[in-house]
Amino acid sequence: KNYMLRSFFIMLSKVKWAQKLIMGMGFARKMATRFVAGDKLSDAIEAIKGLNKIGIFATLDHLGENTTNETEAGKATQDVIEMVDAIDQSGIQSNISIKLSQIGYTLGIDLCTRNLKAILEYAQQKGIFVRIDMEDSTTTEETIRLCLEMRQSGFNRVGIVIQSYLYRSEDDIRKLCQSATPVRLCKGAYKEPEIVAFPKKSDVDENYDKLTSLLMDGEKSIGSPGGSDNGRTPPIPAIATHDEKRVDYAKSYADKIELSREAFEFQMLYGIRRDLQETLVKEGYHVRTYVPFGTQWYPYYMRRLAERPANLWFMVSNLFR
């Protein structure tokens, strides 16, 4: 049942008529504000200040994906550069997440590379790390290649996301650890065919724990430098999950190999499991919240509903209030 619901919401996230319909519903927009910090960059900066006050770092994300022309991709690139400025000027403990499809990936790799370089050059000057989000499996190979190419050409403040539901992820993580590339490990939120991804949740979970171990071993092998004190550059392992079993595994594996609490971080989404985020901070772990903002909240919101049917019941119950 959950699998069918998940597939349904992932399908809806890509359908234009559904987007128009749902974005026009006042309650859906209100619901989305649970997961999205607001329409404007200033809204997100304020939300991050609140998180920083209780010891939580952030990664700032301007919602939007699959731009359809060069002008849109250029505008999205400029928006990211403005985000770098806003972090720099406000002094918040945050870095940035971007999607390649936002800055021209679907329009051509040369355009995308040019825009990515412009972002990384600017972010490097300001000392701010940029995380390249992972999209669906058709983009995995090229996204990793581009990230590694950027690191090899001197941009050392760039990292990537790896999804534990893909069969290929173990090999990818081994390769990324060789260059000490910071990795956010998540389960994955796209609908993937069985030929590339584990169909069973138990296999995805098992793989997640295995990849957590590999990332922690990678951090340990370079002397466990951890992230920067100002919360802008993360360590190699970023364990992105709300699943307490995965969190417990990460804690116990770190203890087993004597990896300090500063040498890895937990990452969670804005509006989800705030209680767990605060508990981890109190226990002395580093926690980073993914804080999205912008008017293009629809695909992101649909993927959140797909991930946790409980979020859907929350939405339905609000319909009748």
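Here are three short exercises on the structure above, each with a worked solution.

This is a predicted model, in which local features need pLDDT of at least 70 and side-chain atom pairs count only at pLDDT 80 or more, while totals for chains, interfaces and linings use all residues. Residues are numbered from 1 along each chain as its sequence is written, and side-chain values use heavy atoms, leaving out hydrogens and water.

**Exercise 1.** Find how many helices and strands the chain has, and why the chain counts as compact.

*Solution.* Start with the count: there are 13 helices and eight strands (DSSP runs, H or I of at least four residues for helices and E of at least two for strands, numbered from the N terminus). Next, take the radius of gyration, 18 Å, and set it beside the 20 Å that the globule rule gives for 321 residues; the two are close, so the chain is as compact as a globular protein of that length. (The radius is taken over C-alpha atoms, and the rule is 2.2 Å times the number of residues to the power 0.38.)

**Exercise 2.** Work out which residues cover the two faces of strand E6.

*Solution.* Locate E6 at residues 237–240. On one side, Pro237 and Ile239 are buried (under 20% relative accessible area, 1.4 Å probe, protein chains only). On the other side, Ala238 and Ala240 are buried too.

**Exercise 3.** Identify how E5 pairs with E6.

*Solution.* Look at E5, residues 183–186: this strand pairs with E6 in the parallel sense over three bridges (pairing needs at least two DSSP bridges). Then pick Arg184, and you will find its bridge partner in E6 is Ala238.

Conventions: Buried means under 20% relative accessible area, exposed over 50%, partly exposed in between (1.4 Å probe, protein chains only).
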